[in-house]
Amino acid sequence: MANPSLTKSGLVILGKHVSGSVTTSLSSILANSASSDKVFKINSIYAANVSTGTDAWISVSINDGSNDRYLAYRIYVPFASTQIILDKDSYLYLLEGHSVKVQSSVSPILEVTIGYEEIY
């Protein structure tokens with residue numbers, strides 16, 4: 001598994017986002033397959049608590065194909081609010097064979113949105 005060079009000619013950058021409900025199991029929400037020949041530049045991760053009365057926490061990990069490394073662990077998200085987990089000033093690259101996983105203390109009151117660039 002190799003990661004594509006970000007300096008090659010004909011470089012393509014596509015702006016994308018993915019979103020979904022967070023469950024109580026650590027589950028993948030964004031994956032870069034091992035042979036994609038792409039890198040994902042993650043610019044933002046937002047967690048919204050859509051409940052009108054229940055607080056929750058969220059954990060966000062980067063999985064390298066074998067291990068989960070936490071970017072955020074049990075971050076409190078009050079009801080009817082949004083927590084910024086990552087913004088453009090602290091972006092990261094999701095390499096081939098890696099994924100972003102999320103987990104919540106309560107299901108399904110948290111929704112997560114990831115803004116990223118697909119580069120190839």
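What pattern does the chain follow when read along the sequence? In this predicted model, the pattern is β-β-β-β-β-β-β-β-β. The chain has 9 strands and 0 helices.

The overall dimensions come next. Along the principal axes, the C-alpha atoms fill a box of roughly 50 × 25 × 20 Å. The radius of gyration is 15 Å, which agrees with the value near 14 Å for a compact globule of 120 residues. Of these 120 residues, 38% are buried. The accessible surface of the chain amounts to about 6,300 Å², and carbon and sulfur atoms account for 50% of that surface. Contacts often span long stretches of sequence: among those between residues at least 6 apart, 80% join residues at least 24 apart.

Charge is the next topic. The chain carries 8 positive and 10 negative side chains, and the centres of these two sets are 4 Å apart. Side chains of opposite charge can pair when their charged atoms come close. A search of the whole structure gives 4 salt bridges.

One of them joins Lys-16 and Glu-118, with an N to O distance of 3.3 Å. Lys-16 belongs to strand β1 (residues 13-21) and Glu-118 to strand β9, so this pair ties together parts that lie 102 residues apart in sequence. Lys-16 is partly exposed, at 34% relative accessibility, whereas Glu-118 is buried, at 7%.

A salt bridge also links Lys-101 with Asp-68, whose closest N and O atoms are 3.9 Å apart. Lys-101 sits in strand β8 (residues 99-104) and Asp-68 in strand β5 (residues 68-77), so the two tie together parts 33 residues apart in sequence. Here Lys-101 counts as buried because its relative accessibility is 19%, under the 20% cut-off. Asp-68, with a relative accessible area of 27%, is partly exposed.

Strand β9 takes part in another pairing, in which the side chains of Glu-117 and Lys-88 meet at 3.9 Å, N to O. Lys-88 lies in the loop between β6 (81-86) and β7 (92-94), so this salt bridge ties strand β9 to a part 29 residues away in sequence. Glu-117 is buried, at 18% relative accessibility. Salt bridges with shared partners also join Lys-16, Lys-38 and Glu-118 into one network.

Where does Ile-119 lie? Ile-119 is found in strand β9, which covers residues 110-119. Ile-119 counts as buried, at 6% relative accessibility. The C-alpha atoms of Ile-119 and Lys-38 are 5.5 Å apart in space, although these residues are 81 residues apart in sequence.

How values were computed:
Residues are numbered from 1 along each chain as its sequence is written. This is a predicted model: local features need pLDDT of at least 70, side-chain atom pairs count only at pLDDT 80 or more; totals for chains, interfaces and linings use all residues. Side-chain values use heavy atoms; hydrogens and water are left out. Helices (H or I, at least four residues) and strands (E, at least two) are DSSP runs, numbered from the N terminus. Buried means under 20% relative accessible area, exposed over 50%, partly exposed in between (1.4 Å probe, protein chains only). The radius of gyration is taken over C-alpha atoms; the globule rule is 2.2 Å times the number of residues to the power 0.38. Contact means heavy atoms within 4.5 Å. Accessible areas come from the Shrake-Rupley method with a 1.4 Å probe; for residues, only the protein chains shown count as cover. Lys and Arg count as positive and Asp and Glu as negative; His and the chain ends are not counted. The place of a charge is taken as NZ of Lys, CZ of Arg, CG of Asp or CD of Glu.
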